[in-house]
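I opened a fresh page for this one and went through the fold step by step. Here are my entries, in the order I looked things up.

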Amino acid sequence: MYIWDPTYLILLPGLILAMIAQIRVQSAYQHYSREESERGYAGVQVAEALLQANGLSHVEVVMGNGQLSDHYDPRHKKVVLSPGVYRSSSIAALAIAAHETGHAIQHGEHYIPLAFRSLLAPGIQISSTLALPLFFIGFLFGFYPLTQIGIYLFTAVVIFQMITLPVEFNASRRALLALDGNGFVTAEEYPLARKMLSAAALTYVASLLVSILQLMRLLALSGRRRR
């Protein structure tokens, strides 16, 4: 058994970026959650107004739990906002609420990348759970077919994350247009909302990079084992 595996170095750039991204999004949230919007709309009001404006009054806006746990639930047609976003009129709250509502609008418009991601999601949950255990069981016991199954499953996870990027970027673009076009933020507040969403987007980029590097590591380990 290896005490030190040099293939861990492959992951290092991605892990560093992931750490930076997490620090950045937490910092941005803490900073912009203290910046109250001049016009005083709360996150829930922004979400409900945007849903109504896009003919999605059947989509419910509900308050969830935790911090930065905001998401759109396509199965139950709910925009779930964390308490700090649901009740707050901060720049961070408005940006996040508009972003999650952007996903609901994507769903209503049958936005192809979102539809594809939703179609793949149940299988990807299984793939992400099984990929590494299957690979390393096959690796440790010298059973090459099992390592290949692990690589195929992990490749599916990487592809899923690649599809996620345009979905998230598009939702952020919609959010910024909606905040500006509907007068929820002032001209001075608009760049602050953009910075909040840019910080959040970096976490998806970092996650994808970590997964790509992990896949490269699995391939390197598999090739070394076969030799």
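**Entry 1: the overall fold**

I counted 7 helices and 3 strands in the protein. Helices here are DSSP runs of H or I with at least four residues, strands are runs of E with at least two, and both are numbered from the N terminus. Along the sequence I read the pattern α-α-β-β-β-α-α-α-α-α.

A note to self on the source: this is a predicted model, where local features need pLDDT of at least 70 and side-chain atom pairs count only at pLDDT 80 or more, while totals for chains, interfaces and linings use all residues. Residues are numbered from 1 along each chain as its sequence is written, and side-chain values use heavy atoms, with hydrogens and water left out.

I took the box along the principal axes, and the C-alpha atoms fill roughly 65 × 35 × 25 Å. Of the 227 residues, 44% are buried. For that I used relative accessible area with a 1.4 Å probe on protein chains only: buried is under 20%, exposed is over 50%, and partly exposed is in between.

**Entry 2: the sheet**

Next I turned to the strands. In what order do the strands of the open sheet lie? I found β1-β3-β2, an open sheet of 3 strands with mixed pairing. β1 and β2 are at the edges with a single partner strand each, so one side of each has no neighbour in the sheet. On average, neighbouring strands of this sheet are turned by 25 degrees against each other, direction ignored; the axes are lines fitted to C-alpha atoms, and angles between N-to-C directions run from 0 to 180 degrees.

A reminder I keep in the margin: strands of a sheet pair through backbone hydrogen bonds, either parallel or antiparallel. Two strands count as paired if DSSP finds at least two bridges between them.

β1 (residues 60-63) and β3 (residues 78-81) run parallel and are joined by 4 bridges. Within this pair, Val61 has Val79 of β3 as its bridge partner, and Glu60 stands opposite Lys78. On the other side, β2 (residues 71-73) runs antiparallel to β3, with 3 bridges. Here Asp73 stands opposite Lys78. I also noted that β2 and β3 form a hairpin with 4 residues between them.

**Entry 3: positive phi**

I then looked at backbone angles. Most residues other than glycine have a negative phi, and most peptide bonds are trans. Lys77, in the hairpin turn, has a positive phi of about 55 degrees. Leu68 also has a positive phi of about 55 degrees, although it is not a glycine. I placed Leu68 in the loop between β1 and β2, and at 29% relative accessibility it is partly exposed.

His110 comes just after α4 and has a positive phi of about 55 degrees. Is His110 buried or exposed? It is exposed, at 64% relative accessible area, and it sits in the loop between α4 and α5.

**Entry 4: helices α4 and α2**

α4 (residues 91-108) has 18 residues and reaches 26 Å from first C-alpha to last, close to the 26 Å expected at 1.5 Å a residue. The expected span is 1.5 Å times one less than the number of residues. Of its 18 residues, 16 are buried, so α4 is largely enclosed by the rest of the structure.

In α2 (residues 43-53) I picked out Leu50, which is buried at 3% relative accessible area. Leu50 and Leu221 are 171 residues apart in sequence and 49 Å apart in space, C-alpha to C-alpha. Val44 is in α2 as well, and at 12% relative accessibility Val44 is buried. The C-alpha atoms of Val44 and Pro133 are 41 Å apart, with their positions 89 residues apart along the chain.

**Entry 5: the largest pocket**

Last, I looked up the largest pocket, which holds about 790 Å³ of space. A pocket is an open set of points on a 1 Å grid over the protein atoms alone, where a 1.4 Å probe fits, with protein on both sides within 12 Å along at least five of seven lines; lining residues have an atom within 4 Å of a point. Points are joined across faces, edges and corners, and the volume is the space filled by probe spheres set on them.

The lining has 28 residues, and His71, Tyr72, Arg117, Glu168 and Tyr204 lie nearest the centre. β2, α4, α5 (112-140), α6 (144-181) and α7 (190-226) each give two or more residues to this lining. α5 gives the most, with 7 residues. By class I noted 15 nonpolar, 7 polar and 6 charged residues; Ala, Val, Leu, Ile, Met, Phe, Trp, Tyr, Cys and Pro count as nonpolar, Asp, Glu, Lys and Arg as charged, and the others, Gly among them, as polar.
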